[in-house]
Amino acid sequence: MIAALVIAGVLFYLFGRPKEPVAPQAGTPEQSLTVGGVDVGQQVKDGMASLQTALTGVTDAASATAALPKLEDVSSQLDKVSGVAGQLSAGQKAALTALITPMMPTLNGLFDKVLAIPGVSDILKPTIDALKTKLTALST
């Protein structure tokens with residue numbers, strides 16, 4: 001019995017491990033999203049981060065009113081991005097879609113949560129609807 005375990009251990013040692021060290025695969029380099037001197041990718045990342053921050057701070061109508069200028073600023077940023085998005089190559093558009101798409105479920109959840117707060121929908125719904133439209137357009 002002991003001899004069988006020793007033989008099994010030796011066989012596992014010899015054949016159970018990779019024969020060559022596995023080198024980590026280099027990831028694909030991130031697609032540059034700079035067009036006309038504008039880093040579209042960074043603007044979108046910053047805008048989405050600002051959205052999350054602003055939306056998580058909304059707890060009532062007063063905080064919604066305070067968050068409205070931040071949401072409008074993000075909306076303006078997205079307008080600028082949309083203006084140069086037509087100049088993106090097919091690869092850049094795909095990279096932009098890959099940047100936005102994973103964040104949309106989180107943002108949509110925050111949008112829904114905020115709009116469900118009494119009194120907030122009247123203040124933020126038009127801006128949130130415009131943001132959703134702009135983000136959807138940029139991610140397709």
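The expected span of a helix is 1.5 Å times one less than its number of residues. The exercises below apply this to a predicted model.

**Exercise 1.** Work out which span the 17 residues of helix 2 should have, and compare it with the distance between the end C-alpha atoms.

*Solution.* Helix 2 runs through residues 40-56, and at 1.5 Å a residue its 17 residues should span 24 Å. The end C-alpha atoms of helix 2 are 24 Å apart, which agrees with the expected value.

**Exercise 2.** Find which residues of helix 2 are buried, and decide where around the axis they lie.

*Solution.* A residue counts as buried when its relative accessible area is under 20%. In helix 2 the buried residues are Val40, Gly41, Val44, Gly47, Met48, Leu51, Ala54 and Leu55. Because they cover an arc of only 165 degrees around the axis, they lie on the same side of helix 2. On the other side of this helix, Thr53 and Thr56 are exposed. The cover over the buried residues of helix 2 includes strand 2 (38-39), helix 3 (61-85), helix 4 (90-100), helix 5 (104-115) and helix 6 (121-138).

**Exercise 3.** Decide whether Val10 is buried, partly exposed or exposed, and name the patch to which Val10 belongs.

*Solution.* Val10 is found in helix 1, which comprises residues 2-15. Its relative accessible area is 43%, and since partly exposed covers the range between 20% and 50%, Val10 is partly exposed. Together with Ile2 and Val6, Val10 forms a nonpolar patch on the surface, with about 290 Å² of accessible area together.

Key. Residues numbered from 1 in each chain as written. Predicted model: local features only at pLDDT ≥ 70, side-chain atom pairs only at ≥ 80, totals over all residues. Heavy atoms only, no water. Helix = DSSP H or I, 4+ residues; strand = E, 2+ residues; numbered from the N terminus. Buried < 20%, exposed > 50% of the residue type's maximum accessible area, 1.4 Å probe, protein only. Arc of directions from axis to C-beta. Contact = heavy atoms within 4.5 Å. Patch = residues over 30% accessible without salt bridge, like charges linked within 9 Å, V, L, I, M, F, W, Y side chains within 5 Å. Areas by Shrake-Rupley, 256 points an atom, 1.4 Å probe, with all protein chains shown as cover. Salt bridge = Lys/Arg side-chain N within 4 Å of Asp/Glu carboxyl O.
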